[in-house]
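I sat down with this one and a fresh notebook page. Here is what I looked up, in the order I got to it.

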Amino acid sequence: MIPRLATERLILRDFRQEDLDHFAPFLADEEVMRYLGGATLSRDDSWRNMARSAGQWLLRGYGAWAVTRKSDGALMGRVGLLNPEGWPGLEVGWTLGRPYWGQGYATEAAQAAMNYGFLTQGVDQLISMIDPDNAASQAVAARIGEVKGERREHVIDGKVYPFDIWVITRDEWRKRAVLP
């Protein structure tokens with residue numbers, strides 16, 4: 001049910017139970033979670049996070065993939081299409097563990113997710129919701145062709161979070177698209 005995508009260096013695949021041992025430490029890392037609400041997640045909450053990703057595929061027909069490196073199979077994080085109830089649109093989102101930052105993996109995975117989104121979903125645009133202070137994710141958004149849009153606030157678990165909406169339209173994506 002969950003498609004498998006491949007890029008030059010990465011495999012995007014379904015989450016598996018054995019991924020928890022590698023995924024949970026990423027979500028327990030304060031630096032990784034800094035711009036994702038700030039609160040680190042316990043192992044149990046990380047499990048629920050993986051299960052929620054799988055559930056979104058069932059309910060929406062899209063969701064987050066586990067990102068693995070082709071060369072050694074290392075689980076690096078997640079990337080995918082997100083649109084939980086109350087979201088302002090279909091989002092391309094990414095979260096990688098710190099050992100994998102700064103090597104172009106987030107851009108490569110996000111581009112694959114974006115391509116999948118435009119090829120399979122009837123949307124006129126995709127967005128990324130990015131904390132205004134998250135320069136690294138802003139750089140990824142720019143590299144995949146998104147343009148910074150309006151600043152908004154979103155309430156999650158009773159807490160208000162500011163974010164900028166980065167946007168790419170289907171027409172802009174078509175102009176830039178390099179498909180495998």
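Started with a polar contact that caught my eye: a polar side-chain atom of Gln-103 sits 2.9 Å from the backbone oxygen of Pro-99. Note to self: this is a predicted model.

Where does Gln-103 sit? I find Gln-103 in the loop between β5 (91–96) and α4. I checked its exposure too: the relative accessible area of Gln-103 is 37%, so I log it as partly exposed, since buried would need under 20% and exposed over 50%. I also took a distance across the chain, from Gln-103 to Asp-171. Their C-alpha atoms are 28 Å apart, with the two positions 68 residues apart along the chain.

Next entry, Glu-108. This residue belongs to helix α4. Is Glu-108 buried or exposed? It comes out buried, because its relative accessible area of 16% falls under the 20% cut-off. I then listed what touches Glu-108, skipping neighbours within four places in sequence: Thr-7, Glu-8, Arg-9 and Leu-10.

Then the nonpolar interior. How many residues does the largest nonpolar core have? I get 44, and the ones with the most contacts inside this core are Leu-12, Val-67, Val-79, Val-92, Trp-94 and Met-114. Which element gives the most to it? That is helix α4 (residues 105–120), with nine residues. There is also a second, separate core of five residues, and I noted Met-129, Phe-163, Ile-165 and Val-167 among them.

I picked Val-79 for a closer look. Leaving out neighbours within four places, Val-79 is in contact with Leu-12, Val-67 and Trp-94, among others. Its partners also include Gly-63, Ala-64, Trp-65 and Gly-93. Ala-109, Ala-110 and Ala-113 are on the contact list of Val-79 as well.

Last, the whole chain. I count six helices and eight strands. From the N terminus the order reads β-β-α-α-α-β-β-β-α-β-α-β-β-α. The radius of gyration is 15 Å and the globule rule gives 16 Å for 180 residues, so the chain is as compact as a globular protein of that length. The C-alpha trace spans about 40 × 40 × 35 Å along its principal axes.

Some totals to close the page. Of the 180 residues, 48% are buried. Taking contacts between residues at least 6 apart in sequence, 60% join residues at least 24 apart. I put the accessible surface at about 9,500 Å², with 49% of it belonging to carbon and sulfur atoms.

Technical notes
Residues numbered from 1 in each chain as written. Predicted model: local features only at pLDDT ≥ 70, side-chain atom pairs only at ≥ 80, totals over all residues. Heavy atoms only, no water. Core = buried A, V, L, I, M, F, W, Y, C linked by side-chain atoms within 4.5 Å. Buried < 20%, exposed > 50% of the residue type's maximum accessible area, 1.4 Å probe, protein only. Helix = DSSP H or I, 4+ residues; strand = E, 2+ residues; numbered from the N terminus. Contact = heavy atoms within 4.5 Å. Polar contact = N/O pair within 3.5 Å; in protein donor to acceptor, adjacent residues only side chain to side chain. Rg over C-alpha atoms; globule rule 2.2 N^0.38 Å. Areas by Shrake-Rupley, 256 points an atom, 1.4 Å probe, with all protein chains shown as cover.
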